[in-house]
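Biologist: Please take one part of this model and go through it closely. I would like the largest pocket, what lines it, and the helix that seems worth following from there.

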Amino acid sequence: MKYLGQFSIIITISFLAEILAHIIPAPIPASIYGLSIMFLAFYFKIIKISAVRESAAFFIEIMPVIFIPAGAGILVAGDLLLANLAPFIVITILSTAVVIASCGIIAQYFYNKNLKKIKENLYKKSSNLDENSSNSNANSTKKDEK
């Protein structure tokens with residue numbers, strides 16, 4: 001019964017995504033709408049992750065089986081792939097390079113941004129320590145004078 005409820009949640013979101021894909025005139029697959037809906041539902045705590053955890057784990061386990069038809073389709077279209085092999089290889093290499101470069105640039109940006117915050121916090125802490133130590137030295141000098 002637990003799996004049925006979890007599966008119902010996933011199917012309902014998939015159904016909503018299919019409706020959105022038909023309503024919105026954009027070339028976006030329903031699966032992308034479904035992932036977006038699911039993400040937003042998790043983010044805004046509309047659905048708890050524990051409400052779909054076991055069913056999601058099941059789908060991940062059977063994922064290789066789901067891709068068998070796509071693999072068979074590639075085998076059937078083997079002649080077309082061989083005829084266009086060079087463009088496929090070039091596109092794959094270029095897109096991989098673009099993804100690696102963009103991920104590296106984005107990671108560097110956030111790393112430098114966080115490093116700057118850490119340095120600012122350390123500077124503030126060291127400034128506070130310096131002020132506290134100079135205040136305590138001034139107080140001890142005043143006590144010595146008395």
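Modeller: The model is predicted. By class, 10 nonpolar, 3 polar and 1 charged residues make up the lining of the largest pocket. The space in this pocket comes to about 380 Å³. Its lining has 14 residues, and those closest to the pocket centre are Ile10, Ser14, Gly34, Leu35 and Met38. Three elements give two or more residues each to that lining: helix H1 (2–23), helix H2 (30–43) and helix H3 (53–61). H2 supplies the largest share, with 6 residues.

Now to H1, one of the helices in the lining. H1 is 22 residues long, and from its first C-alpha to its last it reaches 32 Å, close to the 32 Å expected at 1.5 Å a residue. The buried residues in H1 are Gln6, Ile10, Ile13 and Ala17. Viewed down the axis of H1, these buried residues fall within an arc of 60°, so they line one face of the helix. What they pack against is H2 and H3, and both of those helices also contribute to the pocket lining. Ile10 therefore appears in two lists, where buried means under 20% relative accessible area: Ile10 is buried in H1, and Ile10 is among the residues closest to the pocket centre. On the face of H1 turned away from its buried side sit the exposed residues Leu4, Phe15, His22 and Ile23.

Technical notes
Residues are numbered from 1 along each chain as its sequence is written. This is a predicted model: local features need pLDDT of at least 70, side-chain atom pairs count only at pLDDT 80 or more; totals for chains, interfaces and linings use all residues. Side-chain values use heavy atoms; hydrogens and water are left out. On a 1 Å grid over the protein atoms alone, a cavity is a set of points where a 1.4 Å probe fits but cannot get out, and a pocket is an open set with protein on both sides within 12 Å along at least five of seven lines; lining residues have an atom within 4 Å of a point. Grid points are joined across faces, edges and corners, and a volume is the space filled by probe spheres set on the points. Helices (H or I, at least four residues) and strands (E, at least two) are DSSP runs, numbered from the N terminus. Ala, Val, Leu, Ile, Met, Phe, Trp, Tyr, Cys and Pro count as nonpolar, Asp, Glu, Lys and Arg as charged, and the others, Gly among them, as polar. The expected span of a helix is 1.5 Å times one less than its number of residues. Buried means under 20% relative accessible area, exposed over 50%, partly exposed in between (1.4 Å probe, protein chains only). The arc is that of the directions from the helix axis to the C-beta atoms. Contact means heavy atoms within 4.5 Å.
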